[in-house]
Each structure stands twice: as C-alpha cells, then as structure tokens.
Amino acid sequence: MKTKLVFATNNNHKTAEVRAYLGDAFEVLNLKDIGCETDIPETADTFSGNALLKSSFVKENFQLDCFSDDSGLEVFALNNEPGVFSARYAGGAGDAANVKLLLENMQGITDRRAQFRTVICLIRNDEIHCFEGIAGGTIRTEPAGQQGFGYDPVFQPEGYDCTFAEMDTQQKNSISHRAKAMEKLISFLRSGQ
Ligand code: IMP
C-alpha cells in the first residue's frame, strides 16, 4: 500500500506536478482531497515559519504526514521586502498593484538585486525537514512579458536577458526557486529517508 502524504495546497497544478514525480511511491493528497476547508493562517515572519504552520495544522488535525511550501520575493535594497508579504504587498489588491508598488518603492535605487525564495517544510514520521530553493536576479524598471504570475514581469533571472514572464513555463520551471526546493524534497523522499 502506498504511503499517504498531504501537500498542504489548493493549487491543482502544483499537486499534479508532485504526483508526477512521487505517484509510484506515495499517494499525494491535497487539502481538498482530505476535506480541509480551513484557510490556514500564515502569520509567521519567515517562509519556513509559514510552511511549518501549514504542515503542523494538517498533522495535528488530520494525523497525516504533510509538506507545504511558502515563497516570496526578497529585494536586497528594500531590506528583503516584500518577503513573506509578497502576495499582499499592496494590501491584497493583486499582482499588478504589487508590481506597481514595488517599482514605485524602487524608484532611484540602482542596486536592483533580488531573489525569489521557496521553503518547503515536511513533517514525516514526527520529524521536521526543510528544503530551500533560491533564484537570484534583478528587478527591471518596467514590466515585460505576459507569462507566469506575481512579480514575474519585473524579475530578470541571473544569466538571462529576459524576465520570468517572457519565458515559457518549462524554461522558468528549470531554474525557479520552487523547482529547486521541490527537487530537494523529491530526492529526499525517493531516497527512502
Ligand atoms: P506562494 O507562497 O507560492 O503562494 O507565493 C507567495 C507570493 O510570492 C505570490 O503571491 C507572488 O506574489 C510571489 N511569488 C512567489 N513565487 C513567485 C514566482 O515564481 N513568480 C512571481 N511571483 C512569485
């Protein structure tokens, strides 16, 4: 029988991706599959703290091993803001408003270095394991590209002349922070640890 493992997300796309890698060894369930309708609070001030809140919630309430992810953009010249506030930087007004506010706050700043960071927190056999992925780059002065989401139109990854929003999904996924963290999780789980 396959081991049940919950991915604490409502994102079907993310779930399908993980199932493609782990489906032969694990039964990967998402929040909908386990009937969890609670909007789990993400009130920590670090990505790992938020990921741990989500995994712990599932472990405590559903007694199932679980992993969850939390990501965001860190801009060096802004003291690593927006960080854990990335999704609601402009007060919940959405991606375009977040990007607009970021560009306003960076007006006149010449150090444009930034990074996306993902932390995945796994609770398995009562042990906590964290996996991190980072994608470094710079913030453009104007948006470019239509793909992706969030800050993709203003983020130019290191070593490229285009933004994440100008890349196709496959190309972005080969270098993204989320993919790097996920690869670490998957190799940990596949190694049977
Ligand atoms: P989540 O933890 O993956 O839901 O990410 C939180 C927020 O960080 C998103 O709502 C975006 O604003 C931002 N973010 C995270 N990953 C990305 C990305 O790959 N591209 C653009 N924005 C991202």
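Modeller: Ala, Val, Leu, Ile, Met, Phe, Trp, Tyr, Cys and Pro count as nonpolar, Asp, Glu, Lys and Arg as charged, and the others, Gly among them, as polar. This is a predicted model, in which local features need pLDDT of at least 70 and side-chain atom pairs count only at pLDDT 80 or more, while totals for chains, interfaces and linings use all residues. Residues are numbered from 1 along each chain as its sequence is written, and side-chain values use heavy atoms, without hydrogens and water.

Colleague: By those classes, what makes up the lining of the second largest pocket?

Modeller: Five nonpolar, four polar and four charged residues. Of its 13 lining residues, Asp45, Thr46, Phe47, Glu74 and Val84 lie nearest the centre, and the volume is about 160 Å³.

Colleague: Which residues come nearest to the ligand?

Modeller: Ser71, Asp152, Lys172, His177 and Arg178, out of 14 around the ligand. A residue is counted there if one of its heavy atoms lies within 4 Å of the ligand. By class, this shell has four nonpolar, five polar and five charged residues.

Colleague: What makes the pairing of Arg178 with the ligand a polar contact?

Modeller: The term needs a pair of N or O atoms within 3.5 Å. A polar side-chain atom of Arg178 is 2.7 Å from a nitrogen atom of the ligand, so the pair qualifies. Lys172 also qualifies, with a polar side-chain atom 2.8 Å from a ligand oxygen. For Asp70, a side-chain N or O atom is 3.3 Å from an oxygen atom of the ligand, which is again within the cut-off. Alone, the ligand exposes 480 Å², and the protein buries 86% of that (Shrake-Rupley method, 1.4 Å probe).

Colleague: Where does the ligand sit, and why is that said of it?

Modeller: In the largest pocket; the wording applies because more than half of the ligand's atoms lie within 2 Å of the pocket's grid points. Strand 3 (66-75) and helix 5 (177-190) are the elements that give two or more residues to the shell around the ligand, and strand 3 has the largest share there, three residues.

Colleague: What volume does the largest pocket have, and which residues are closest to its centre?

Modeller: The volume is about 1300 Å³. Of the 49 lining residues, Lys14, Asp69, Ser71, Phe149 and Arg178 are closest to the centre. Helix 5 gives the largest share of that lining, six residues. By class, the lining divides into 15 nonpolar, 20 polar and 14 charged.

Key
A polar contact is a pair of N or O atoms within 3.5 Å; within protein, one must be able to donate a hydrogen and the other to accept it, and residues adjacent in sequence count only if both atoms are side-chain atoms. On a 1 Å grid over the protein atoms alone, a cavity is a set of points where a 1.4 Å probe fits but cannot get out, and a pocket is an open set with protein on both sides within 12 Å along at least five of seven lines; lining residues have an atom within 4 Å of a point. Helices (H or I, at least four residues) and strands (E, at least two) are DSSP runs, numbered from the N terminus. Grid points are joined across faces, edges and corners, and a volume is the space filled by probe spheres set on the points.
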